[in-house]
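Work through the following exercises with the sequence and the model side by side. Each task is followed by a solution in steps.

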Amino acid sequence: MKIRKILIANRGEIAIRIMKTARRMKIRTVAVKTAVEPLAMYLSFADEIFDNSEDTSEIPVFLDIEKLIAIALETGANALHPGYGFLAENAYFAQKCIDNRITFIGPSPDAIYKMGNKTIARKLALQNGIPMAMGSEGNIANEEEAVAIASKIGYPVIIKAASGGGGRGMRIVRKAEEMEKMFFIASKEAEKAFKDPSVFIEKYIENPKHIEFQILGDAKGNIIHLGERECSIQRKHQKLLEEAPSCALDEGLRKKMGKMAVLIAKAVNYHSAGTVEFLLDSEKNFYFMEMNTRIQVEHPVTEIVTGIDLIEQQIRIAGGEELKFGQDDVKISGWAIECRINAEDVQAGFAPDPGKIEKLSMPDDPYVRVDTGIREGSAIVANYDSMIAKLIVSGKDRREAITNCKMALDKVWIKGTKTTLPFFRLLVRNQDFQDGNFTTAFIEKDLDKYYYNSEYEEMLAAWLATKLFVEENLQEDSINLDFGNGKEMSPWLFNKRMNQF
Amino acid sequence: MNDKLQIKKLYALSSENRKFSFSVPLNNKIRIGKREYIVQLKSDDKFGTYILWKNRKYPVEIVRSRQNKYEILFNDISYTFTVETPFSLQRMKVLNSKKGKVEQELVRAPMPGRLIDVLVREGSTIMRGEALVILEAMKMQNEIQSPVNGKIIKVHAKTNTNVMKDDVLVEIKVE
């Protein structure tokens, strides 16, 4: 079916990302306006806006299957792009779209279901000879069963949500005594996030690298990979920085892992863009972890090193087109790094720091790509994730990409919330990171500090504090100090005074 | 004029006990080695408030100021200082030598959210890094861990209640 108009069932930077490509392909787009973000930036990229801001329903519209179908039908959208998160990996939703003659821009409901259920995915991988970590046969009923299996495969083990992804519902257990608590937390988190409390257990691979392969498949059964992404820089199982390619792989290993990734995709007749995630241990053994049946946050690094627009491919494939290139046509050139600039407090263990973005300016150098859904005045709201922008930097090789990244990070200017910028400034200067010597445990184990400040920054901050004190306590024309009269002073007043300075 | 005193120097003490001294009247020149550099505090529409130092702009924000205590956000990193005069610094030293170190630790909510689980009881002994409560915020369940070894003296946190940022969750006697 020819795609004429796409309903964007998402918000933020990914909504904008999809609409940019759609516009280039001369396909109309519909965005949904919500009460939470009625002035959001993504709305200005749509050809049409469906106003849902009067909706008082408890569930956000991007999770409301019936509502989204109704909006697509009402606006005459004959296709729907789910983006990532929300309903992107909901097989029922994909099926509902098909039932209503709306093209779902993504894989088949069957593929989503099979890969979404980690116990089924494990079985499929096993049948296809894909290397995997040892684990439970299926889901685990309670912590007693968990303890029994863990003692069989040996600690440490990891509890994972059967319907999981994105790090939620995941807990590492190092000894039997921790099992009860961790089982409870993982299962509770899984229920909350995925409406399915079932969990399973796997042998926990110590200090692995997280390597994933980008897959593209069409409806005719052609499946290829677009190389790997290195996503080991994570905290709480959530990715912070991604690269393509990975310096841990040589051509031989890339071929081997890529072949396995294609094989697992073939097992579910995969079409559209997808990602096969592996863990790579220090001996370069790799283990299938899961397949994500959506476009991913970190897709731009692959786009940069392959020159392929993944959203365009998703749209073409959904419209029934065959892939115009084969495995041998895919060439990886250069290096790309993506930093996820989130509204988080790195000095407080990466705790979310929602708030209004007062000032925002991003570098516009030729080696920088910025994907964002935030502009000055936008708010990072607690309802959604904490992403402000993705800073994607390229170079001819890894070294140049890191150097460019260092420069670009110093040009990013954000005021209003704390951000992950000081963390990235530290990372690009870290010797182990520069040498490619890092695993998924890097942030928690190998760093004793999560931020970078140059030699004089603390001193300058001290000068500013002293200046404030002087403004507040010492009279203009004397050097006398009025003791005991410490007053509270509003930063606003300070700013006003400083403007005259 | 008894409570007015001549001040020639001010000290900014960081929360990690680093001391930065500045002469009064405070000027905008900072000496490093043999050279003096000019530090300027500026503000405009494009950048907001910033410090200009060696031709580079650094974003600054005053997060909090209370009496002589200031929390400054400088280039996305927060610093807390108390500004002391030579006299108050002297007084502090005397007080500190009498008092010894801080004995009680208040664990506060790092962000607003909902308490999913409280894992400690009053009276229980706790090791540094051990989980105290599970706080759900922005779709993540966050383990709030003990910053110290000690004994729980009071638990303010209640399961299935909402907390604001900086609400005290647990009081720990440092051991």
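Helices (H or I, at least four residues) and strands (E, at least two) are DSSP runs, numbered from the N terminus. This is a predicted model, in which local features need pLDDT of at least 70 and side-chain atom pairs count only at pLDDT 80 or more, while totals for chains, interfaces and linings use all residues. Residues are numbered from 1 along each chain as its sequence is written, and chains are lettered from A and ligands numbered from 1 in the order in which they are written.

**Exercise 1.** Determine the strand order of the open three-stranded sheet in chain A, and place helix 7 of chain A relative to its strands.

*Solution.* Begin with the pairing, where two strands pair if DSSP finds at least two bridges between them. The order is 7-6-8, with antiparallel pairing. Strand 7 (171-173) and strand 8 (199-203) of chain A stand at the edges, each with a single partner strand, so one side of each is left without a neighbour in the sheet.

Next, strand 6 (residues 157-161) of chain A pairs with strand 7 of chain A over three bridges, and I159(A) has R171(A) as its bridge partner in strand 7.

Finally, helix 7 of chain A lies across strand 6, strand 7 and strand 8 of chain A, at about 25° to strand 6 (axes are lines fitted to C-alpha atoms, for helices over the stretch in contact, and angles run from 0 to 180 degrees between N-to-C directions).

**Exercise 2.** Find which helix of chain A supplies the largest share of the side that touches chain B.

*Solution.* Count the contacts (C-beta atoms, placed from the backbone, within 7 Å): 50 residues of chain A are in contact with 52 residues of chain B. The largest share of the chain A side, 14 residues, comes from helix 15 of chain A.

Definitions and conventions. Contact = placed C-beta atoms within 7 Å.
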